[in-house]
Every structure is written in structure tokens, then in C-alpha cells.
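Please walk through this structure with the sequence at hand, beginning with one helix and moving outward from there.

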Amino acid sequence: MGLTITEKILAAHASKDKVTPGETIWVDVDVLMTHDVCGPGTISIFKEQFGENAKVFDREKVVIIPDHYIFTSDKHANRNIDILREFVSEQNLPYYYDVGTENYKGVCHLALAQEGHNRPGEVLFGTDSHTCTSGAFGMFSTGIGNTDAAFILGTGKLWVKVPESMQFEFTGKFPDYIMAKDIILQVIGDIGVDGATYRTMEWTGNAIMNFSMEERMTLCNMAIEGGGKNAVIEADEVTLKYVKERTNKPYNVYRSDHDANYYFKKTYDASTMEPIVAKPHSPDNKALVRECSDVKIDRSYIGSCTGGKYTDFLAAANILNGKKVAVNTFIVPATTEVYKDLEGKTLNGKTLLNIFKDAGCEIGDASCAACLGGPKDTFGRTHGTEVVVSTTNRNFPGRMGSKQSEVYLASPYTAAASALTGRITDPREMLN
Amino acid sequence: MEQVIAGRAYVLGDNIDTDQIIPAEHLVYSLSDPEEKKNYGKFALSGVPEDDAGLPEGNKLFVEEGKFESEYTIIIGGKNFGCGSSREHAPACLKIAGIQAIIATSYARIFYRNSVDGGFFIPFESSGKLVNDIRTEDNLTINVETGTLTNNSSNQTFKLQPLGEVAEIVKAGNIFEYARKAGMI
């Protein structure tokens, strides 16, 4: 019996020839990532357990990316960044992307990719549930809490229960109006918010492999909304080109064997996919966008690790170019590199930034911003009964700030089309 | 590890996510400062919609206005308890509020791991759905050794699932104690 990509990576990091789903193993960690929300707690547990003067297991393998509560006057949030800064200085860590400097990046999951920390075949843990995003690079990546992160900081190891794999294959070609966000919302709607609990979501098929790295990251990003432990897409030339432009470090490409064992396999015909939303208050509350055309919205929000990448804004700009939005529309680039793309890249001779400004959108600085609500002064946060169409990843009650607000998760195409009409709108009405 | 856990039940439904357990705006407080961390008790479960808070009636505050600890000791949950974020503030806030055990039909993976590795409390899994058999305010007793739950208010007894692969970590107290006993650190 062959092995899946995930089983091969985990076996290699546990110095074993093979591993079996359900088995508990200890793996060697290639990268530990933390940020401003969980970093301070991780650091305090690390010191409590390993001593005030303890050193991290390998300074080359620790990456700290403040991104959650950055542009706020909240004194505790700002204090937390100071704690990160002090730890980085004390440990002399090379990979820290400090707020208020040219080094600042923004949302950790995209920053990891853009700064060359995602490498095929590696094991990456992060103190953020959307760490599964990095699986788009053919690596094992998953979210953990402060205690597990502190354990890794001290030892470079962590226990893992080897997950069973679920394979989602998309054959043929997606229609032009379909984005990765539609696909992940479709699949989560099909399997439910705990449909992949303790399991790997492996994406395959020529329609998936035609996606850019950004779109692949969107697919893997929301595996956690299906309960998944990790997501993975086999590395190909698209992956290697992206990686080689950003790092010289070595990596290993693993492929699933043809006779690998899967808990579940499903094949979709890519050409039949339709734009999807997740209605309030659960990511699996699936509906076709065209079935929701009577839902009036107060706000459109385009941003986050899920929907705030260059390709997401290019899609939105295609719809908003030369038009005016009908509701408050927030544009939040995930990282400073994306912000630079908005300033520098053009569509029909006009920068994306100017397209958004002329359409009447409000532009925020790179960070997690209102994706998870955050401090009261967070850009784009809800405070009342707003109905929001959003390219983010969660629509739990209160997720974007107010418990009374309602969030519809959608693709950047759908969020932009809805911004123009003030109701949930199928992008096919605007494209062509 | 306590062999008997007793106290009042607070009952919740399916898919209680980490934003309901501790809304993200409160994640700014220190988890190590003894005074500051009390805020996590204050805001524990404050994101649960009123109708779902303390079933079956709902509209029951988990932590009274102005207080930092709950009057409830054991949470009864449905499926996929703790889904969403990896924030360890979620099990931590429940512990800080005074929770000693959770019994749910199933858990989201990271919340389960955090509860065990951090040694906050034992995340027990029930053998069937308990949400219909236990009401908020019921008096419960958990016998950890025999893996049974008794509802003293209705004289019903329920079997809990064995702890499986995490039993040794639970017994040791947390991942660090486990690793020390195993000679890893």
C-alpha cells in the first residue's frame, strides 16, 4: 500500500519509513510561526517551562509576524508587540517583521509565502488555525496553541496523530467567473464544518493545478473551516517557480502514490461549478449566489489571508473598474507586498488602487483588520446590525465585531459585484 | 488529577466556536499576569448568542455581570466543540472562569489538543448526545476513573468515551510533564 503526500512528509520528519493514519508520532519541526495574539502567551510558557535564560531550539526556524492588532490605540495590543520585539532581540531572531518598519509585512499566512518560509516537503506549525494555508506548497502545515508552540520553541518537536486523507479532485476547467473561494465554500457546504475533522484535505485534478499559488492558498486556507488538520496540494512547476523566486533553501517534493489509501475520494466536474456564498452564521451554510439576490447588504469587505491577495484584488478591480460602489466597501490588502501591487499594477492603464479609490472604496493598511473583529477601532469592524458580504473565512456570530451583524462569505468577484448593487449579486451579471 | 469532579452544568449546543468562547477583541490581555488574566474569566462565553446561552431555556449568563468567575463547573456541549481559531485563550478562559471539565459529543482538533497539552481540564467525549438529557443548573458528578457521568438531578448515569492516545498526557498533567516523565526534556 502506498502513502499520501502528508503521510510521506510526516514519516520523513519522524525518521520512519512509513506511518499509518491514527498513529501518534513525534515530528521534527522545520518552521514555527507565531504572531502578536499568541506570541506573548507562547513566550511566557516557554520561559516558565525552560527557564528565563532558555534559548529557542533553532533561531533559523522561528518566524514571528505581527499582523492581527496593528493599527489600534489599544494599549494591551501595543504592549503585546513590545513583548515580541523584546523576545526577538533577546534571542537574536533573524525572521521578525516588525510593525512600523520597512520590514513590516502583514497577514502571516501570505507573508510566510512571500518571504520564502513555505517550502515543499517541510513541516510548519503556527499559532493560528489558518496555518493550513501553507499546504498549498506541498508541505505539512497546521495550527496549534501557545502550549504546543512553547514546547516546539524549547525542543523543536511536537506529537502528531497521523491524519487520514480525503481527496478532492476537480477535473476539466473552471468557468472564468469561478474562484478558489467558490470551490472551498462548495466543498465545506458538502462535507460540513466538521466533515474533515482530524483529516487531511488533499486537492488534486487539472482544474486545481491550473490555479495560481494565490488561489491554491485560498483553497488550503479554509480547510480548518471543514475541521481539517491540514490541506495539501502537490508541488509542481508553478509552486517551484514561486518558491525559487523567494528562497535558496533546499526542499523535497513529495507525491501521493497511486495506491495510497484515502478515507474518502470525490471527483467534481469543474465546468459545472457556480458562484457560492456561505450564509450567516456558519461557513457550511452554503447557497448559490443567484439564490440570494434578494439579500440587501450594508457593506462589502475584501481582504484577509483568504481574500486579500493580489489575484483577489485583480478580480475585484475587473468588476469595479469605472463604476461606483453602492455600499461601504473596504479594501484591505493582506500584506505590504500586496499593497505595493495595488499601487504598481494596472488594469486597462489604471492602477488597481486608483480603480478602487475612484469606485468609492475605503483602503486600509495591510493586516488582519476586521476579519476577526478585533479592538473597537479596527478598520472595517462591525458595530451594529450590518449585513456584510466578505471575502474572509469565518461568519460565526460576532466574528467581524458585532454579534448582531450578519456575514455572507463570498469570492472577491461576488463581493465586488454585490458592492455595486447593494444586494448579493452573481458576478455573471457584471462580467462579460 | 482529581478523580471526582462535581458541580453545576452549563449546557451548550453544536459548533460552539472560539469566537463565541472568547470574542477576538478580548485577546489582548496577558495570560500570565494574575490580575490581567482575570478578564478572560469575565468574558468567557460572552460571544454565545443569548438564545443558545445555557440550554434548554437560553438567556442564562455564564458569568454574572461584574464577576470574573462562573457559578458553573462543568460544560456540556454538542458536536465540534471549540471549532475555529487555534487561540489557547479559549480553553484558558474557561479554566480561569472555573470550569473543571467539558463533556461534548465531539471536539474541533486544536481546541482538544490545547485542552490536553495545556492541562486546562479533561475534554471528555460523551457516547451519545447529552444536550437533551442534561439541563443547565443540573448537578453533575464525573468519576474520572470509571469514566462515568451522573446527573444527580435526574438520577441518570452516562458512560464517557475512553481518552485514547492522550490518556498519558492527561495523567501526567500537561505536555511538559509528560515529556519530562518520558525523558524527552
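Helices, as the word is used here, are DSSP runs of H or I at least four residues long, numbered from the N terminus. The model is a predicted one, and in it N92(A), placed just after helix α3(A), takes a positive phi of about 55°.

The helix that precedes this residue, α3 of chain A, comprises the 17 residues 75-91, and because a helix is expected to advance 1.5 Å a residue, it should span 24 Å, which agrees with the 24 Å that separates its end C-alpha atoms. Its buried residues are A77(A), N80(A), I81(A), L84(A), F87(A) and V88(A). They cover an arc of only 120° around the axis, and therefore lie on the same side of α3(A). On that buried side, the packing partners are α2 (39-50), β3 (62-64) and β4 (95-96) of chain A, whereas the face turned away from it carries the exposed residues K75(A), D82(A), E86(A) and S89(A).

Turning to the contact between the chains, 43 residues come from chain A and 37 residues from chain B. On the side of chain A that touches chain B, α2, α3 and α5 (146-155) each supply at least two residues, and the largest share, six residues, comes from α5(A). Sorted by class, this side of chain A has 13 nonpolar, 20 polar and 10 charged residues.

In chain B, strand β6 (residues 148-151) pairs with strand β7 (residues 156-159) in the antiparallel sense over four bridges, with N151(B) standing opposite Q156(B) in β7(B). The two strands form a hairpin with four residues between them, and N155(B), in the turn, has a positive phi of about 55°.

Terms used: Residues are numbered from 1 along each chain as its sequence is written. Chains are lettered from A and ligands numbered from 1 in the order in which they are written. This is a predicted model: local features need pLDDT of at least 70, side-chain atom pairs count only at pLDDT 80 or more; totals for chains, interfaces and linings use all residues. Two strands pair if DSSP finds at least two bridges between them. The expected span of a helix is 1.5 Å times one less than its number of residues. A residue is buried if 20 or more other C-beta atoms lie within 10 Å of its own, exposed if 12 or fewer, and partly exposed in between; C-beta atoms are placed from the backbone. The arc is that of the directions from the helix axis to the C-beta atoms. Two residues are in contact if their C-beta atoms, placed from the backbone, lie within 7 Å. Ala, Val, Leu, Ile, Met, Phe, Trp, Tyr, Cys and Pro count as nonpolar, Asp, Glu, Lys and Arg as charged, and the others, Gly among them, as polar.
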